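This guided tour proceeds by selections in the viewer. Please open the structure and follow the stops in order.

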Amino acid sequence: MSSSEKKPATIICIGMAGSGKTTFMQRLNAHLHQKKNPPYILNLDPAVLRVPYHPNIDIRDSVNYKKVQQEYGLGPNGAIVTSLNLFSTKVDQVIKLIDSKGDKYKNVIVDTPGQIECFVWSASGAIITEAFASTFPTVIAYIVDTPRNSSPTTFMSNMLYACSILYKTKLPMIVVFNKTDVKKADFAIEWMQDFEAFQMAMMKDKELNGDDGSSSGYMSSLVNSMSLMLEEFYSQLDVSACSAYTGQGFDDFMDAVDRKIEEYHEFYEAERDRILKEKAEREEKRKTDSLSKLMKDMDLKKGDEKDSHVLSDYEDEDDNNGEVDRDSEEETERQYTFPEDRNAEVSEKTDADLQARYQAAFEDTAKDASSKTAESIANYIRQ
């Protein structure tokens, strides 16, 4: 037995508003206490005023729903989502707390908001579900209001919602037909197992309701097509019929939970390990590619020096940093701006002649300046 099999099984109860989800939680809690197996209970509905059970962890102790609504100017659903977002930031502490008490409890049951979309489709709902599923064997219990699903069209809508939740959470699911004390769930189970029985129910519903738009024309064709498509989906489900009011059917429900826990270990846990492994491999590949790109950008690979076209690289090749050695015996080739005027070049042969010309020019300038000065003095005396 693996270490994960010793952990408590988590049952996340999800259902439409009015499906009897909270009452189902109360009856499940009482049933497990009766079996001398008290569960660890979480309430994740921040807007509920009273719950008919005593939760071990209550989101209302951490988040004030009314204050969130007033502080951020939100409506009911927006405040629920924001409260779940705030609570999800501490979900790691919740997981550690439950894990530390795993030897005392065999089951963890989680109650979710009646506004099903606030939990299922929100980021916080996904974070909370993933946190539980990655630590404990987890099962989704989708609660269905049996009397309200007596219409084939309503039943199909509910099944489509269950299908979307299954593929969103990627966890084992049990469809729980609640309120069987009001209406037996035999018809719904038959519709899931027998396509022809569902077709007959569609035809009968069309005759009774006429052309009211719910079972005729386009809607009838769509529902028939959906029923064919969902046959494979039905095969992945366990179905349980129970009454949260009388307590009937909860032994069967717990048997279904045990089967789904085995399915979790056999399929879902292995699939999650594979996904995590692929994610780790992609991250490692990303790091390797980033390092290779960095090394390439920094020209650290061998042979890059030969292909460099940076001026400093050319300068490094000269021992004298690019300066010309004037004392070397090798004559340096020079270029002239005016190559035709080579007589003006100074050399050893022309140096003496150039000095004589400078001296003569200096003497002529000095004589001219002296004569001008004497002439200026004479003119001043005459005045």
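Begin by selecting Leu28. Apart from neighbours within four places in sequence, Leu28 is in contact with Ile11, Ile109, Phe250, Phe253 and Met254, where contact means heavy atoms within 4.5 Å. Leu28 is placed in helix 1; helices (H or I, at least four residues) and strands (E, at least two) are DSSP runs, numbered from the N terminus. With a relative accessible area of 0%, Leu28 is buried. Here buried stands for under 20% relative accessible area, exposed for over 50%, and partly exposed for what lies in between (1.4 Å probe, protein chains only). Add Pro38 to the selection: ten residues separate Leu28 and Pro38 in sequence, and their C-alpha atoms are 9.8 Å apart in space.

A note on the model is in order before the next stop. The model is predicted: local features need pLDDT of at least 70, side-chain atom pairs count only at pLDDT 80 or more, and totals for chains, interfaces and linings use all residues. Residues are numbered from 1 along each chain as its sequence is written, and side-chain values use heavy atoms, with hydrogens and water left out.

Now display the whole chain. Its secondary structure comprises 15 helices and seven strands. The chain has 383 residues, of which 38% count as buried. Among contacts with a separation of 6 or more, 75% are between residues 24 or more positions apart.

Next, turn to the salt bridges. The structure holds twelve of them, a salt bridge being a side-chain nitrogen of Lys or Arg within 4 Å of a carboxyl oxygen of Asp or Glu. Select Lys21 and Asp111, whose side chains form one such bridge (3.7 Å, N to O). This pair joins distant parts of the chain, with Lys21 in helix 1 (residues 21-34) and Asp111 in strand 4 (residues 107-111), 90 residues apart. Are Lys21 and Asp111 buried or exposed? Both Lys21 and Asp111 are buried.

Move on to helix 13 (residues 250-297). Select Glu278 and Arg274, which form a salt bridge through their side chains (2.5 Å, N to O). Both residues lie in helix 13, four residues apart, or about one turn of the helix. Glu278 counts as partly exposed at 32% relative accessibility, and Arg274 is partly exposed at 38%.

Then select Arg286 and Glu283, where another salt bridge is found (2.5 Å, N to O). About one helical turn separates Arg286 and Glu283, because they are three residues apart in helix 13. Arg286 is partly exposed at 46% relative accessibility, as is Glu283 at 33%. For a linked group, select Asp238, Arg259, Lys260 and Glu263, which are joined in a network of salt bridges.

The final stops concern surface patches, which are made of residues with over 30% relative accessible area and no salt bridge; like charges are joined within 9 Å, and nonpolar side chains (Val, Leu, Ile, Met, Phe, Trp, Tyr) within 5 Å. Select Asp252, Asp255, Asp258, Glu262 and Glu266, which form a negative patch. Asp and Glu count as negative and Lys and Arg as positive, while His and the chain ends are not counted; the place of a charge is taken as NZ of Lys, CZ of Arg, CG of Asp or CD of Glu. Within this patch, Glu266 counts as exposed at 52% relative accessibility.

Finally, select Leu291, Leu294, Met295 and Met298, which make a nonpolar surface patch of about 370 Å²; accessible areas come from the Shrake-Rupley method with a 1.4 Å probe, and for residues only the protein chains shown count as cover. Leu291 lies in helix 13 and is partly exposed, with a relative accessible area of 49%.
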